[in-house]
Amino acid sequence: WLLCFAMIRRVSTTSSLSATALGSFMKWSFKSSHFHGESLDSSVSPLLIPGVHVFHCPDVVGIVAKLSDCIAAKGGNILGYDVFVPENKNVFYSRSEFIFDPVKWPRSQMGEDFETIARKFNAMSSVVRVPSLDPKYKIALLLSKQDHCLVEMLHKWQDGKLPVDITCVISNHERAPNTHIMRFLQRHGISYHYLPTTDQNKIEEEILELVKDTDFIVLARYMQVLSGNFLKGYGKDVINIHHGLLPSFKGRSPAKQAFDAGVKLIGATTHFVTEELDSGPIIEQMVERVSHRDNLRSFVQKSEDLEKKCLMKAIKSYCELRVLPYGTHKTVVF
Amino acid sequence: MMMMRRIISERATCVSKNFVLRSSASRFHGESLDSSVSPVLIPGVHVFHCQDAVGIVAKLSDCIAAKGGNILGYDVFVPENNNVFYSRSEFIFDPVKWPREQMSEDFQAIAQRFGAMNSVVRVPSIDPKYKIALLLSKQDHCLVEMLHRWQDGKLPVDITCVISNHERASNTHVMRFLERHGIPYHYVATTKDNKREDEILDLVKDTDFLVLARYMQILSGKFLKGYGKDVINIHHGLLPSFKGGYPAKQAFDAGVKLIGATSHFVTEELDAGPIIEQMVESVSHRDNLRSFVQKSEDLEKKCLTKAIKSYCELRVLPYGANKTVVF
């Protein structure tokens with residue numbers, strides 16, 4: 001469980017500013033005011049860009065005051081703020097969305113300022129992210145035979161709705177080069193690695209080698225169980241889509257299990273992967289109605305539609321820093 | 001679903017007094033004295049469950065049309081790979097042209113012809129209301145909901161009695177309500193060794209079905225066989241998740257983002273009988289156990305009421321070993 005959200009802790013210690021990332025965001029002309037620290041023309045409004053900060057620490061008086069003051073002192077304007085302190089639990093969670101002038105508040109300075117507050121409050125987690133400056137999350141996608149989730153993610157990525165860098169796709173099923181997926185990946189220069197698994201050999205070391213530079217992994221209907229060894233070795237978050245409404249129907253063929261059970265609602269669940277199968281902290285769940293008029297085929301079809309939506313929503317939430325650990329196996333999702 | 005088989009052999013003969021509003025002369029002479037007075041048409045429902053064959057709908061619809069009945073709604077369901085036929089028809093008819101006993105005989109003839117597993121016809125304004133007993137333990141939100149709906153005329157049943165293994169003081173809302181309406185309350189205390197099923201059986205033997213509205217004792221296979229009719233339960237969780245006790249707490253601890261309630265028929269196995277209805281609501285980190293329970297209770301009330309309403313309207317039919325068709 002400690003492995004989960006490892007990324008969030010890791011990211012807080014890096015403060016990266018990539019000059020090249022600037023190019024993709026700014027459509028306005030580069031005025032010299034940007035680099036000299038003051039406007040040449042006082043009637044030109046500064047370019048404000050969005051930032052997000054999440055904070056997780058033991059609860060005390062004064063956290064919000066300190067955090068908001070930190071942002072205001074640098075001219076940042078808070079546009080959204082979520083605070084959550086659970087009953088009977090002495091922990092504090094906040095997520096703030098703000099806009100700021102990166103001239104007045106340089107990115108590296110921002111990292112340091114929040115780090116100071118994090119130390120002051122002994123934070124378990126303090127992550128700041130400036131989407132237009134920070135590098136995109138690097139992710140690897142793993143799948144087996146069913147590729148509807150992967151296809152959905154690739155298309156959304158292509159449409160700019162999935163703000164990540166897909167480093168590679170790994171599968172234990174081979175795909176012919178003239179299939180939609182293979183041609184898509186080739187067109188976009190994303191490598192596809194066919195790593196067949198057997199009962200005895202899950203080739204986890206090869207997988208680890210391929211994914212070690214990613215920020216998190218997405219199992220988009222990858223049907224092999226990743227061992228505790230792998231999870232420890234990887235050390236970062238792994239998100240899985242389970243095509244059933246957990247904790248019902250764990251394991252294989254949940255659509256068939258649901259069909260046989262005669263339920264009137266089927267669902268999908270996105271969750272963090274832990275050693276125990278289909279038991280990690282749940283991020284998102286969705287349902288749809290079924291009735292006697294549904295056969296196994298339509299159960300599966302509705303299930304697939306739900307999985308796509310549920311996985312996309314969870315990953316979007318995760319990338320927007322909305323997902324935080326809560327207790328031993330729950331999540332706060334702002 | 002045993003009730004449905006039983007009703008086939010009953011014929012309801014009493015005519016409801018409270019429905020017919022027009023003058024009665026034409027009704028008893030068999031023809032209109034005044035030809036410009038339109039006949040009183042009343043609703044009927046028929047459900048049919050038999051082996052699939054060609055011509056069932058034709059025969060059933062012809063049966064209704066031949067007696068001047070007008071079909072207003074018709075649901076047919078034949079599952080894939082399963083040679084069974086289900087239908088439910090809603091129609092209006094003139095009980096003068098098609099007397100109630102004749103209706104039963106006519107449908108019975110078709111049932112025999114097709115070897116039906118089930119053929120039930122019901123005329124809500126003429127047939128006696130379903131007689132039900134309600135069982136509960138300590139939590140009474142479901143019972144209160146049902147009693148209020150019954151009082152509002154939204155639950156078309158006769159509540160013969162309420163049975164509980166918890167005692168209630170006479171000045172409580174439930175007790176005063178029951179007293180006001182002349183519904184007996186039976187306190188049947190259970191222990192680990194004695195579930196007093198014989199006494200309960202005796203109290204409920206004349207009912208058409210039972211509703212377990214948060215009755216926390218398990219009814220044995222012996223009881224279910226002895227009773228022989230349908231028992232509907234509300235489980236405050238989304239089956240098959242969280243069977244057994246405290247499903248709201250189980251759900252809270254599991255960190256799910258959706259909680260639900262399930263109405264189902266009771267079988268020997270706990271919380272495993274055919275599901276009739278399920279409902280969900282979103283929960284998040286902002287919910288504590290109290291709000292989990294509150295949302296759960298709201299869902300239970302809606303889910304149980306909907307299931308009972310469907311059941312009374314003959315919308316619920318057995319499907320396979322442990323599923324239901326709900327039209």
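Student: In what order do the seven strands of the open sheet in chain B lie?

Tutor: Strands of a sheet pair through backbone hydrogen bonds, either parallel or antiparallel. Two strands count as paired if DSSP finds at least two bridges between them, and strands (E, at least two residues) and helices (H or I, at least four) are DSSP runs numbered from the N terminus. In this predicted model, the order in chain B is 7-6-5-8-9-10-11, with mixed pairing. Strand 7 (185–187) and strand 11 (275–282) of chain B are the edge strands, each pairing on one side only. Neighbouring strands of this sheet are turned by 20° against each other on average, direction ignored.

Student: On what basis should the model be read?

Tutor: Because the model is predicted, local features need pLDDT of at least 70 and side-chain atom pairs count only at pLDDT 80 or more, whereas totals for chains, interfaces and linings use all residues. Residues are numbered from 1 along each chain as its sequence is written, chains are lettered from A and ligands numbered from 1 in the order in which they are written, and side-chain values use heavy atoms, leaving out hydrogens and water.

Student: How many bridges join strand 10 of chain B to strand 11 of chain B?

Tutor: Seven bridges join strand 10 (residues 258–265) of chain B to strand 11 of chain B, and the two run antiparallel. B:S263 stands opposite B:E277 in strand 11 of chain B.

Student: Which helix packs on the sheet?

Tutor: Contact means heavy atoms within 4.5 Å. Helix 5 (residues 141–151) of chain B packs on the sheet, touching strand 5 (130–136), strand 6 (157–164), strand 8 (209–212) and strand 9 (231–235) of chain B.

Student: How many salt bridges are found over all chains?

Tutor: A salt bridge is a side-chain nitrogen of Lys or Arg within 4 Å of a carboxyl oxygen of Asp or Glu. The whole structure holds 37 over all chains. One of them joins B:D298 to B:K301 at 4.0 Å, N to O; both residues lie in helix 10 (residues 289–312) of chain B, three residues apart, about one turn of the helix.

Student: Is A:R95 buried or exposed?

Tutor: Buried means under 20% relative accessible area, exposed over 50%, and partly exposed in between (1.4 Å probe, protein chains only). A:R95 is buried at 4%, whereas A:E97 is partly exposed at 28%. A:R95 forms a salt bridge with A:E97, the closest N and O atoms being 2.8 Å apart.

How values were computed: Axes are lines fitted to C-alpha atoms, for helices over the stretch in contact, and angles run from 0 to 180 degrees between N-to-C directions.
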